[in-house]
Amino acid sequence: MNLFPELPEELSPRLRWMKNKNIHTLKTKDNRWVAYKSETQHSFSHDDEIDAVVGLAKKLKTKLWKE
């Protein structure tokens, strides 16, 4: 169900890549971002959301959405 039909449902390349890799982000109380891979104990934290995701990808040795 699309709550906003005027907006496209297509995800950005980064969000599509994150969805396919089961990678999620959350913001902590101290305003840091944590990127983590579902069903694993792998995570990476940084002040910036994109940098947290990139750091996790490097830690997991996976290609980025830009590559």
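Where is Glu-39 found? Glu-39 lies in the loop between strand 2 and strand 3. Keep that spot in mind, since we'll come back to it. One thing to know up front: what you're looking at is a predicted model.

**The sheet**

Let's start with the strands. Three of them make an open sheet in the order 1-2-3, and the pairing is antiparallel. Strand 1 (23–27) and strand 3 (43–46) sit at the edges with a single partner strand each, so one side of each has no neighbour in the sheet. Going from one strand to the next, the twist averages 20°.

As a general point, the strands of a sheet pair through backbone hydrogen bonds, and they can do so in parallel or antiparallel fashion. Here, strand 1 and strand 2 pair in the antiparallel sense over five bridges. Strand 2 (residues 33–37) is also joined to strand 3 by four bridges, and those two run antiparallel as well.

Want to trace the pairing residue by residue? Take Ala-35: on one side, Thr-25 stands opposite Ala-35 in strand 2, and in strand 3 the bridge partner of Ala-35 is Phe-44. Val-34 can be followed in a similar way. Leu-26 has Val-34 as its bridge partner in strand 2, while Val-34 stands opposite Ser-45 in strand 3.

**The two turns**

Now back to the loops. Strand 1 and strand 2 form a hairpin with five residues between them, and strand 2 and strand 3 form a hairpin with five residues between them too. In each turn there's a residue whose backbone angle is worth a look:

| Hairpin | Residue in the turn | Phi |
|---|---|---|
| Strand 1 and strand 2 | Asn-31 | about 65° |
| Strand 2 and strand 3 | Glu-39 | about 60° |

Why point these out? Most residues other than glycine have a negative phi. Asn-31, in the loop between strand 1 and strand 2, has a positive phi although it is not a glycine. Glu-39 also has a positive value, and it is a residue other than glycine.

**The helices**

What does helix 1 lie across? Helix 1 (residues 13–21) lies across strand 1 and strand 2, and it runs at about 110° to strand 1.

Helix 1 also packs with helix 2 (residues 49–60), at an angle of about 45° and with the axes 13 Å apart. The two helices are therefore oblique to each other. As for the handedness, helix 1 passes helix 2 in a left-handed crossing.

Which residues meet where the helices touch? From helix 1 come Arg-14, Trp-17 and Met-18, and they meet Glu-49, Ile-50, Val-53 and Ala-57 in helix 2. Sorted by class, this contact has five nonpolar residues, two charged ones and no polar ones.

**An aromatic pair**

Trp-17 turns up again when you look at the rings. The count of aromatic pairs comes to one. That pair is Trp-17 with Trp-65, and it is tilted, with 5.4 Å from centre to centre and 55° between the planes. How many residues apart are Trp-17 and Trp-65? They are 48 residues apart, and the pair links distant parts of the chain: Trp-17 belongs to helix 1, whereas Trp-65 is in the segment after helix 2.

**Putting it together**

To find your way around, you could begin at Trp-17. This helix 1 residue takes part in the contact with helix 2 and pairs with Trp-65. From there, helix 1 leads you to strand 1 and strand 2, which it lies across, and the sheet continues in the order 1-2-3 to strand 3.

Terms used:
Residues are numbered from 1 along each chain as its sequence is written. This is a predicted model: local features need pLDDT of at least 70, side-chain atom pairs count only at pLDDT 80 or more; totals for chains, interfaces and linings use all residues. Side-chain values use heavy atoms; hydrogens and water are left out. Two strands pair if DSSP finds at least two bridges between them. Axes are lines fitted to C-alpha atoms, for helices over the stretch in contact, and angles run from 0 to 180 degrees between N-to-C directions. Contact means heavy atoms within 4.5 Å. Angles under 35 degrees count as roughly parallel, over 145 as roughly antiparallel, 65 to 115 as roughly perpendicular and the rest as oblique. A crossing is left-handed if the near helix is turned anticlockwise from the far one by less than a right angle, and right-handed if clockwise. Ala, Val, Leu, Ile, Met, Phe, Trp, Tyr, Cys and Pro count as nonpolar, Asp, Glu, Lys and Arg as charged, and the others, Gly among them, as polar. Rings of Phe, Tyr and Trp (its six-membered ring) pair if their centres lie within 6.5 Å; planes under 30 degrees apart count as stacked, over 60 as edge-to-face and the rest as tilted.
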